[in-house]
Amino acid sequence: MQQHHPRHQTDTEQVPSSPSPSFRAGDDGASPSPLPPSERAGAEAVEKQAAVPFHCPFRIGMGYDVHRLVPDRALWLGGIRIEHKLGLLGHSDADVLIHAICDALLGAASLRDIGYHFPDTAAETLDIDSKVLLKKTMALVRSNGYELGNIDATVCAERPKLNPHIPRMQQCLSEVMETDVCNISIKATTNERLGFAGREEGISAYAVALIFKL
């Protein structure tokens, strides 16, 4: 039985291009014919509109941060102080949750990251309250024409247990960000005693931010 092999295009062959919007495709394979002036302007307007890049009004950003747990440091999470024998080490107050939220917001607006705007080598950010950084981050996002949709965040810590503190965190962050409490979702989980978080060597946080163009 004779076999038929697919025919491959050679380098010398050209793929027929689509007719310009200024031309009408011919019948039965005939060459395209020019559009009359009455139709040409409308066709060219459609082509120009199609060439404009699409900008989605909604943007999503993801943030992650981690800090080491050490003695003789206060533990700040979600803008509130939590009693614990260990605290997070950092240039600022090391609020790992707020830092992850800042990175998510900045990423959504394509404004780099928290280290770019608030470097940990700057004297003005030494021991700074992270709520100040969050407030400045929201100002940056809003100055670029965006508003917050919602935040969804997860804190990973073996101890202390964070669930009892979540409502206060939500209230604190909503006031700093000037948004409704229902727009701030915070979840807490352990690491099942695995890794640095499971060994209580540090705490990590993940955050996703949805913003929209005003």
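Contact, in the legends that follow, means heavy atoms within 4.5 Å, and the structure shown is a predicted model.

**View 1. The five-stranded sheet and its edges.** In this predicted model, an open sheet of 5 strands follows the order β6-β3-β9-β7-β8, with mixed pairing. Its edge strands, β6 (87–88) and β8 (184–189), each pair on one side only. Helix α2 (residues 96–108) packs on this sheet, where α2 touches β3 (58–70), β6, β7, β8 and β9, and the direction of α2 makes about 155° with that of β3.

**View 2. The pairing of β7 with β9.** Strand β7 (residues 146–156) runs antiparallel to strand β9 (residues 202–213), and the two are joined over 10 bridges. Within this pairing, Asp152 is placed opposite Val208 of β9.

**View 3. Helix α5 on the sheet.** Helix α5 (residues 166–177) lies across β7 and β8, and its course runs at about 145° to β8.

**View 4. The crossing of α4 and α5.** The axes of helix α4 (residues 130–143) and helix α5 come within 9 Å of each other and cross at roughly 45°, which means that α4 is oblique to α5. The crossing in which α4 passes α5 is right-handed. On the α4 side the contact is formed by Lys131, Leu134, Lys135, Met138 and Arg142, which meet Cys172, Leu173, Val176 and Met177 of α5. By residue class, this contact of α4 with α5 comprises 6 nonpolar and 3 charged residues, with no polar ones.

Notes. Residues numbered from 1 in each chain as written. Predicted model: local features only at pLDDT ≥ 70, side-chain atom pairs only at ≥ 80, totals over all residues. Heavy atoms only, no water. Axes fitted to C-alpha atoms, helices over the stretch in contact; angles between N-to-C directions. Helix = DSSP H or I, 4+ residues; strand = E, 2+ residues; numbered from the N terminus. Parallel < 35°, antiparallel > 145°, perpendicular 65-115°, else oblique. Left-handed = near helix turned anticlockwise from the far one by under 90°. Nonpolar A, V, L, I, M, F, W, Y, C, P; charged D, E, K, R; others polar. Pairing = 2+ DSSP bridges.
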